[in-house]
Amino acid sequence: MSLHRFFLDDQVLAQEAAPAFPLRLAPDDARHAKVLRLAPGEHIAVVDAASDYFECEVVAVGDGLPLVRIAQRGGERPAGPQVMLLQGLAKGDKMEEVVRHGTELGVVAFVPLACERSVVRLDAKKTASKTARWQAIAKSAAMQSGQMRVPEVSAPRTVREACGLLGGATAVLVCWEEAPEAAGLRAALERGLAACGALPADARVAVVVGPEGGLAQAEVDALLGCNPRASLVSLGPSILRTETAGVVAPALVLYELGALGGSAEAARL
C-alpha cells in the first residue's frame, strides 16, 4: 500500500535536530492531514524543501500538524527523464485536465501558451488566479500519484517567450496536425539523444501542443528555430483535441524513454 505523501515548501528535514518534530505543512495540506486522521505509528512519505525524500512515522497529532520522526531517508526511484509540456491555452477546464493527468504521468513542468489562435484570452487578474489554480491541481495530483516532485506551472507565455526556455532541451517535439505522418516521435527522440550524446534516462524533452485552433505557421517556424534538435511530430492520422494531445504526447515520450515501463526500443535509443 502506498504511503500518503506530503510536500514541504520551507522545511528541510536534515536540519531538524530533535528526534521528533512537527511538519510545517501548508494550510491546505494541514487540512488534508486532518481529514486523513493520521494516527500515531502510521507512516507517511515526505518530500522536503530540498527535494529529499523521507519516510516518517507519526508520533502524535496536535493542532492539525503531525509530530513525526524520520524512519527512513531516501529509497525513492531515480529521477529519470524529464518532460516539459508547453500547452496551448484551451477553453473551460481543459487546462486543468491536462495539468492533472500530465502530473500523474510524471510531467515535471507546464508552460501554458498564449497562441495566435487561442480562443482564451486572460487579463492580469485572471492569469494570476488561473496559474495559482493550476499549481494547486499539480500539487494535489503529485500527492495522489506519488510523484517525487510537484511540477512547476508557469504563468502563460507567448510562443516567442517560451522559445527562450528551450535552447538546452535534448529534443523539442512540436506536435502539429499538418506534420506528415512519417514525422514520428521515436525518430525525433533518437535524433535529439544522438546529437546530445545523452542516455534516455538523462533526456530533457519539451513537448509542444497547440490550442483548439492549432499553431500558426509563424509559431511553428519559431519553435523549430529555437533549438537545433527541434522536430515536427505527428501523433497519427486522427485529429486529437488539444486536451487529448496534451496527455497523449507526453505519455508517448515518457514511454519511449522508459519512464512508463519502457518500450521495446527504449534501451536502443
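Colleague: What makes strand 1 and strand 2 the edges of the open sheet of 5 strands?

Modeller: This is a predicted model. In it, the open sheet has the strand order 1-3-4-5-2, with mixed pairing. Strand 1 (5-7) and strand 2 (21-22) each have a single partner strand, so one side of each is left without a neighbour in the sheet.

Colleague: How do you know that strand 2 pairs with strand 5?

Modeller: Pairing needs at least two bridges between the strands. Strand 2 and strand 5 (residues 65-73) have 2 bridges, in the antiparallel sense. Therefore they count as paired. F21 stands opposite V68 in strand 5.

Colleague: Which strands does strand 6 pair with, and in what sense?

Modeller: Strand 6 (residues 82-88) is joined to strand 11 by 6 bridges, and the two run parallel. To strand 7 (residues 109-114) there are 5 bridges, again parallel. The cut-off is at least two bridges, so both pairs qualify. L85 stands opposite V207 in strand 11. M84 has A109 of strand 7 as its bridge partner.

Colleague: Why is strand 6 called mostly covered?

Modeller: In strand 6, 6 of the 7 residues are buried. Buried means under 20% relative accessible area.

Colleague: Why is R37 called exposed?

Modeller: Its relative accessibility is 71%. The cut-off for exposed is over 50%, so R37 counts as exposed. R37 sits in the loop between helix 1 (27-36) and strand 3 (43-47). Its phi is near 55°, a positive value in a residue other than glycine.

Colleague: Why is S51 called partly exposed?

Modeller: S51 has 47% relative accessibility. Buried is under 20% and exposed is over 50%, so S51 falls in between and counts as partly exposed. S51 lies in the loop between strand 3 and strand 4 (53-62). Phi of S51 is near 65°, a positive value in a residue other than glycine.

Colleague: What makes A60 partly exposed?

Modeller: A60, in strand 4, has a relative accessible area of 30%. Partly exposed covers what lies between under 20% and over 50%, so A60 belongs there.

Colleague: How do you know that A60 touches P40?

Modeller: Contact means heavy atoms within 4.5 Å. A60 touches P40, L65, P66 and L67, leaving out residues up to four places away in sequence. A60 and P40 are 20 residues apart in sequence, yet their C-alpha atoms are 5.3 Å apart.

Colleague: How do you know that the buried residues of helix 6 are on the same side?

Modeller: In helix 6 (residues 217-225), E219, V220 and L223 are buried. They cover an arc of only 100° around the axis, which puts them on the same side of helix 6. On the other side, A218 and G225 are exposed.

Colleague: What covers the buried residues of helix 6?

Modeller: The cover includes helix 4 (159-163), strand 10 (171-175), strand 11 (204-209) and strand 12 (230-233).

Colleague: How many residues line the largest pocket, and which are the closest to its centre?

Modeller: The largest pocket holds about 370 Å³ of space. Of its 23 lining residues, W176, E177, I239, L240 and A245 are the closest to the centre.

Colleague: What classes of residue make up the lining of the largest pocket?

Modeller: By class, 12 are nonpolar, 7 polar and 4 charged.

Note on methods:
Residues are numbered from 1 along each chain as its sequence is written. This is a predicted model: local features need pLDDT of at least 70, side-chain atom pairs count only at pLDDT 80 or more; totals for chains, interfaces and linings use all residues. Side-chain values use heavy atoms; hydrogens and water are left out. On a 1 Å grid over the protein atoms alone, a cavity is a set of points where a 1.4 Å probe fits but cannot get out, and a pocket is an open set with protein on both sides within 12 Å along at least five of seven lines; lining residues have an atom within 4 Å of a point. Grid points are joined across faces, edges and corners, and a volume is the space filled by probe spheres set on the points. Ala, Val, Leu, Ile, Met, Phe, Trp, Tyr, Cys and Pro count as nonpolar, Asp, Glu, Lys and Arg as charged, and the others, Gly among them, as polar. Buried means under 20% relative accessible area, exposed over 50%, partly exposed in between (1.4 Å probe, protein chains only). Helices (H or I, at least four residues) and strands (E, at least two) are DSSP runs, numbered from the N terminus. The arc is that of the directions from the helix axis to the C-beta atoms.
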